[in-house]
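Colleague: I would like a close look at the charged side chains in this model. Please take me through where they sit and what they pair with.

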Amino acid sequence: MPCEVAARFLILYGSQRGQAQSIAEEICEQAAEYGLTADISCLSKQDKYNVDSEIRPVVFVVSTTGDGDPPDTALKFVRKIKNKSLPHDHLSHLRYALLALGDTNYANFCNGGKTIDSLLQRLGAKHFYATGHADDGTGLEVVVDPWIEGLWDALKKTFSGMSASNQTDAARSDCTQDNNLKNASGQEKTKSDLEVDLHLLKLSEVHSQNEKTVPSDSSDAETHSTTLVASLKQSVPPLSESVLKVPALPPSYLEVVLEQASTEGETVPSGKDGYHEVSISKAVQLTQDDAVKSSILLELDISEQDVAYQPGDSFDILCPNRASEVEELLLRLDLQMQRNCAVQVSLLKNSSKKAAKVPLHIPQNSSLQFILTWGLEIRSIPKKAFVRALADFTRSSSEKRRLLELCSKEGSADYNSFIRDSNVCVLDLLQAFPSCLPPLSLLFEHLPKLQPRAYSAASSSLQHPEKVHFVFNVVEFPACPEHPARTGLCTGWLVDHISSILQPLGTVPASECLGTSALPKVHVRPRPNSTFHLPSDPSVPVVMVGPGTGVAPFIGFLQQREKEHEMNQEATFGETWLFFGCRHKDKDFLFREELERFVHNGTLSHLIACFSRDEPDAAGTVNRPTYVQHNLLLHAKNVASILLKDKGCLYVCGDAKNMAKDVNDTLLEIIGNELQLDKLDAMKIVAGLREEKRYLQDIWS
């Protein structure tokens, strides 16, 4: 059979936690269906590509991290194209498309991708397809899926419009031994990654174009439509009666072998990747027992480790998956008897996956239980591609149909409602669909690396030498139809881990009464923050906004200022304002005594607190400030003067989804009112504060 010429393009991704990489690989896999060939590389591997001379179309997929920064894997590339000595037409030959990933809960939405986009434009590069901005706050797939769908026509138009010489360079033949892939039994299967087992679904018709469409068993839907309510397990019309467009089936690429071998002694990961094993020397309850959320302060002893930090830095904590959930997963996969087997992972020889590699976070020769405990994020929300793959290992036709609905374009609302927004994990899916029996290799292919959890330092090493403090709320997920009640992965584990040393609220912290060997231990890694620090000049005034546990880094700031003043009483120190908020003054006013001490000794100039759920006082105060943004408005002139006249700094720490947005909107209002500006001009002023690193955020969703 004659070879077909497939036009080549290049995919470059910058990924912090694997999402951008996963999407880039998905684009790479789909390319062959459209007669195209894709090469793929991480932006960090600059020896694998060269945009300075690249004549192929390039597709960038770039995530955002930190306070709107490009991911770590893209930093060298950004520095390279940011070089001001490069001529304005340096990349005028480059045709590209860019998909930016971000989260609208954060102020600098998609800024990692936007930064690269603007730099490429400045150097003369040209779009061949409109830039996409995908929002993890509402679901990346809402933008990602249609953007990829439109990419193929844009690429084909680009190839057809290229000059003959460029076409010669950019298009290369990509011969395959057989245009029809074969399944495991040797039967030919056209576009096998888009096919489903039709006999299991009892389908009457199948339409196959770029996506496979799957109609439902309409008679069954009619029978139950009057009594059923949509849930994770079942759908209702019109979805249950719809012809479905399901995503491509991701190609398998891993082979997993379990060997009977000794794996004793594995308890926690080795001290690689910069982690240090340290003792938890104190644990103190900071809230009353009847508070809405339970907050706990931990003190870590870092005296025996080479660990330095500044107030404003964070620490990564390595935590395991819950033992009960690992046990349930082993039981569900019928692998409980193989828990101690050594795991060998290799690449399938005949996989069609481009640039396939064994995941680095799956250690060879470790036990299965160890990998499920420390290696894989089994709580992660399954992506649509994973749901699609699970459908192919589901025996029940009705269960298979429902899984295909959940990953289909038509079922996006159900996917968001019953999987994404409900925080469903793979174990929840396997419990909901009992006929689904996936191989272990499928989990290894789709479950991401178990990530550490980051917590802001709530101390200064000047105040607490060789110690670091941090505070956390115990996260709780109530029971719902999709899953049982559970606590946050790391916070729930920490509470159990420190139960033997936890001191109740009001206890005077005692010195260590247990020997160091008896203290609970954790693996931590410093996570320096490049900007979220006190000004180097102590005379610069600062405004700090930190409700709830968002006050943590500011305790470190104030401890630092207190000690600096003790060591240099002749120095000039600027004003310090702290806007704090919580639900109840008497239940969850974190660090109350310490903050009042800071006020008393002059370290903290103004402590402005509000309590959202306390009853009005006896005077029946009207329009009592409820949240931190309300207090900011009440002190608008002071805030504006500090930022605009005194060139001070504003720090915001806490919830990104609500608080940080509200504070940002309030800041726009304050500046607009004080300078008599419209919203657009006020936004420019705020953007300038960010650019000057005088409006800084440490926020999370």
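Modeller: Start at the surface. K82, K84, R122 and K693 form a positive patch there. Bear in mind throughout that this is a predicted model.

Take K84 from that patch. K84 sits in the loop that runs between α2 (75-81) and β4 (95-102). Its relative accessible area is 79%. K84 is therefore exposed, as the cut-off is over 50%.

K693 belongs to the patch too. Its place is the loop between α21 (679-691) and β28 (695-700). K693 has a relative accessibility of 45%, so it counts as partly exposed. Its backbone deserves a look as well. Most residues other than glycine have a negative phi. K693 is not a glycine, yet its phi is positive, near 60°.

Helix α2 holds another lysine, K76. K76 is exposed, with 55% relative accessible area. Along the sequence, K76 and S44 are 32 residues apart. In space, their C-alpha atoms are 6.7 Å apart.

Now the pairs. Side chains of opposite charge can pair when their charged atoms come close. The count for this model comes to 32 salt bridges. Three of them follow, then a network.

The pair D136 and R420 is one of these salt bridges, at 3.7 Å from N to O. D136 lies in the loop between β6 (132-135) and α4 (141-161), while R420 lies in helix α12 (residues 412-420), so the bridge ties together parts that are 284 residues apart in sequence. How buried or exposed are the partners? D136 is partly exposed, at 27% relative accessibility. R420 is buried, at 17%.

The next bridge joins D301 and K467. Their closest N and O atoms are 3.8 Å apart. D301 is in strand β15 (residues 295-301) and K467 is in strand β19 (residues 467-473), so this pair links parts that are 166 residues apart in sequence. K467 is buried, with a relative accessible area of 16%.

Stay on strand β15 for a moment. I296 lies in this strand. With a relative accessible area of 1%, I296 is buried. Its C-alpha atom is 9.6 Å from that of T549, and the two residues are 253 apart along the chain.

The third bridge is within one helix. E566 pairs with K563, and the closest N and O atoms are 3.3 Å apart. Both residues lie in helix α16 (residues 552-567). They are three residues apart, about one turn of the helix. Both are partly exposed: E566 has a relative accessible area of 45%, and K563 has 22%.

Some charges join in a network. R8, D39, E54 and R56 are linked by salt bridges in this way.

What about a buried charge that has no salt bridge? E399 is such a case. E399 is in helix α11 (residues 397-407). The nearest side chain of opposite charge is R332, 6.4 Å away. A salt bridge needs N and O within 4 Å. The side chain of E399 does make a polar contact, at 2.6 Å, with the side chain of S435.

Compare E377, another glutamate to inspect. E377 lies in the loop between α9 (368-374) and α10 (384-391). Its relative accessibility is 8%, so E377 counts as buried. A polar contact of 2.8 Å joins its side chain to that of R453.

Two backbone details round off the tour. N365 is in the loop between β17 (342-347) and α9. N365 is not a glycine, but its phi is positive, about 70°. At 44% relative accessibility, N365 counts as partly exposed.

The other detail concerns a peptide bond. Most peptide bonds are trans. The bond from P237 to P238 is cis, with omega near 5°. P238 lies in the loop between α7 (218-224) and β12 (244-246).

To pull the charges together: K84 is an exposed member of the positive patch. R420 is buried and bridges to D136. E399 is buried without a salt bridge, and its side chain contacts S435.

Notes
Residues numbered from 1 in each chain as written. Predicted model: local features only at pLDDT ≥ 70, side-chain atom pairs only at ≥ 80, totals over all residues. Heavy atoms only, no water. Patch = residues over 30% accessible without salt bridge, like charges linked within 9 Å, V, L, I, M, F, W, Y side chains within 5 Å. Areas by Shrake-Rupley, 256 points an atom, 1.4 Å probe, with all protein chains shown as cover. Lys, Arg positive; Asp, Glu negative; His and termini not counted. Charge placed at Lys NZ, Arg CZ, Asp CG, Glu CD. Helix = DSSP H or I, 4+ residues; strand = E, 2+ residues; numbered from the N terminus. Buried < 20%, exposed > 50% of the residue type's maximum accessible area, 1.4 Å probe, protein only. Polar contact = N/O pair within 3.5 Å; in protein donor to acceptor, adjacent residues only side chain to side chain.
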